[in-house]
Protein chains: 2
Amino acid sequence: MHGRFILHTVIKLWGTRGMNIGKLAKNSGVSAKTIRYYESIGLLPPASRSANGYRVFEDSDLQTLRFIQRARGLGFSVKDVLHLLSLWRDPGRSSSEVKALARRHMEHIDTRIDDLQTMRRVLDDLAHRCHGDSHPECPILDTLAGANANVDTGSEEKS
Amino acid sequence: MHGRFILHTVIKLWGTRGMNIGKLAKNSGVSAKTIRYYESIGLLPPASRSANGYRVFEDSDLQTLRFIQRARGLGFSVKDVLHLLSLWRDPGRSSSEVKALARRHMEHIDTRIDDLQTMRRVLDDLAHRCHGDSHPECPILDTLAGANANVDTGSEEKS
DNA sequence: CCTTGACCTTCCTGTGCATGGAAGGTTTAT
DNA sequence: ATAAACCTTCCATGCACAGGAAGGTCAAGG
């Protein structure tokens, strides 16, 4: 009696749970194309297939996909996401490892912000010095041409 | 005798003005590989060739390369640099066009800075809340997994 | 004269992160 | 029967180069 109920429930849940790639795409907000891509690079495990060859996904795939989405949204590379996923699935992980990964990523972000801000400052200065009228004279072009002032573009030569 | 000497000298001088790709690379700090690439996509005009098929560059190419370098250093895309180069070479340009291009680029940079700063703030917050010890508990992973905060409770399922 | 090594050439592949499309099979609805 | 809405694989594209293979060229030295 009891066993039969459980079996029934299991079968029912089992039958209800699988979804095709389109549904997973809708549920996750990640395109079917990208889901296949994630599978191909190992971010998602290879989905099982139904008789017609269609991929069948489970709820766990949806969870994984959402995890990936959030991590990518924070700028983590696919490689980092792979690492984060493995840490997530590892009950024996230490949070220090996760934190270290996050910090390395933050440093990377900081570098990029600094680079962009340097560019922004230079551009802002140049734009302010450019009249922006119908005449051809333009300090922006002059500077790019290396006319007079030495502009530090942030990327120094290495020779 | 004399004529031959002069001819020799002329040829030698002529030969001195042009440079091979290696020298241009050294003088500009741009790799030979990249110089060829720039030529292939039209950033640099097709270089003339000497009898052996080697590219021969002039000082004008060096100037152009430096222009490209500075523009790239300011984050302009290759496409934008193409535009900037054409404006640079156009005596009938109006500085307003240059300025507009620069401003569009600045807006783009601002957007990227904002995005990165948002990521940075979130990461910083998560990192602060993570103990970073030998235990597995980690708010970073919890957040990526969608543990607590604003996770839709999934009451709008539709199959 | 021949070799060595530093040049140079073209062509193909790989990077990161997908996106777009072609060509075709399957399922469902009308 | 046919359309539409799915699904499949494989190939191409974009950015801005870098790496390397396979081979031609040139100057110096034994």
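These legends walk through several close-up views of a predicted model with two protein chains and two DNA strands.

**Figure 1. The fold of chain A, from its N terminus onward.** Let's start with the chain on its own. Chain A holds 7 helices and 2 strands. Read from the N terminus, the order of these elements is α-α-α-β-β-α-α-α-α. Chain A has 159 residues, and 33% of them count as buried. Among contacts in chain A with a separation of 6 or more, 46% come from residues 24 or more positions apart.

**Figure 2. DNA strand C and the residues around it.** Here 18 residues surround DNA strand C, and those that come nearest are A:K33, A:T34, A:R72, B:G22 and B:R55. Which parts of the strand do they meet? Of the atoms of DNA strand C that come within 4 Å of the protein, 69% belong to sugar and phosphate. Helix 3 (32-40) of chain A and helix 2 (21-28) of chain B each supply at least two residues of this surface. Helix 3 of chain A gives the most, with 4 residues. Sorted by class, the surface near DNA strand C has 6 nonpolar, 7 polar and 5 charged residues.

**Figure 3. Phosphate oxygens of DNA strand C, seen with three of their protein partners.** Two of these partners use the backbone, and B:R49 uses its side chain. For A:V78, a backbone N or O atom lies 3.3 Å from a phosphate oxygen of DNA strand C. For B:G22, a backbone N or O atom is 2.6 Å from a phosphate oxygen of the strand; B:G22 is also one of the residues that come nearest to DNA strand C. The side chain of B:R49 places a polar atom 3.1 Å from a phosphate oxygen of DNA strand C.

**Figure 4. DNA strand D and the residues around it.** Now for the other strand. Around DNA strand D there are 18 residues, of which A:G22, B:K33, B:T34, B:Y38 and B:Y54 come nearest. Sugar and phosphate make up 71% of the atoms of DNA strand D that come within 4 Å of the protein. At least two residues of the surface come from each of helix 2 (21-28) of chain A and helix 3 (32-40) of chain B. The largest share, 4 residues, belongs to helix 3 of chain B. By class, the surface near DNA strand D divides into 6 nonpolar, 7 polar and 5 charged residues.

**Figure 5. Side chains of chain B at DNA strand D.** What does the side chain of B:K33 approach? A polar side-chain atom of B:K33 lies 2.4 Å from a base oxygen of DNA strand D. The side chains of B:S31 and B:T34 approach phosphate oxygens instead: a polar atom of B:S31 lies 3.1 Å from one, and a polar atom of B:T34 lies 2.5 Å from one.

**Figure 6. The interface of chain B and chain A.** The size of an interface is often given as the accessible area lost when the parts come together. Chain B and chain A bury about 4,800 Å² between them, with 69% of that area on carbon and sulfur atoms. Each side is well defined in number: 53 residues from chain B and 53 residues from chain A take part in the contact. Across the interface there are 18 residue pairs in polar contact. How many salt bridges link the chains? The count is 2, and one of them joins A:R120 to B:D110, with the closest N and O atoms 2.5 Å apart. On the chain B side, helix 4 (59-73), helix 5 (78-89), helix 6 (95-129) and helix 7 (139-144) each supply at least two residues. Helix 6 of chain B provides the largest share, 20 residues. The residues on this side divide into 26 nonpolar, 16 polar and 11 charged.

**Figure 7. A:T143 and A:K79, two residues of chain A in contrasting settings.** Is A:T143 buried or exposed? A:T143, in helix 7 (residues 139-144) of chain A, has a relative accessible area of 7%, under the 20% cut-off, so A:T143 counts as buried. Its side chain reaches the backbone oxygen of A:P139 at 2.7 Å. A:K79 lies in helix 5 (residues 78-89) of chain A. With a relative accessible area of 69%, over the 50% cut-off, A:K79 counts as exposed. A:K79 and A:L43 are 36 residues apart in sequence, yet their C-alpha atoms are 8.8 Å apart in space.

Methods: Residues numbered from 1 in each chain as written. Chains lettered and ligands numbered in written order. Predicted model: local features only at pLDDT ≥ 70, side-chain atom pairs only at ≥ 80, totals over all residues. Heavy atoms only, no water. Near = heavy atom within 4 Å. Polar contact = N/O pair within 3.5 Å; in protein donor to acceptor, adjacent residues only side chain to side chain. Nonpolar A, V, L, I, M, F, W, Y, C, P; charged D, E, K, R; others polar. Buried < 20%, exposed > 50% of the residue type's maximum accessible area, 1.4 Å probe, protein only. Contact = heavy atoms within 4.5 Å. Buried area = accessible area lost by both parts, 1.4 Å probe. Salt bridge = Lys/Arg side-chain N within 4 Å of Asp/Glu carboxyl O.
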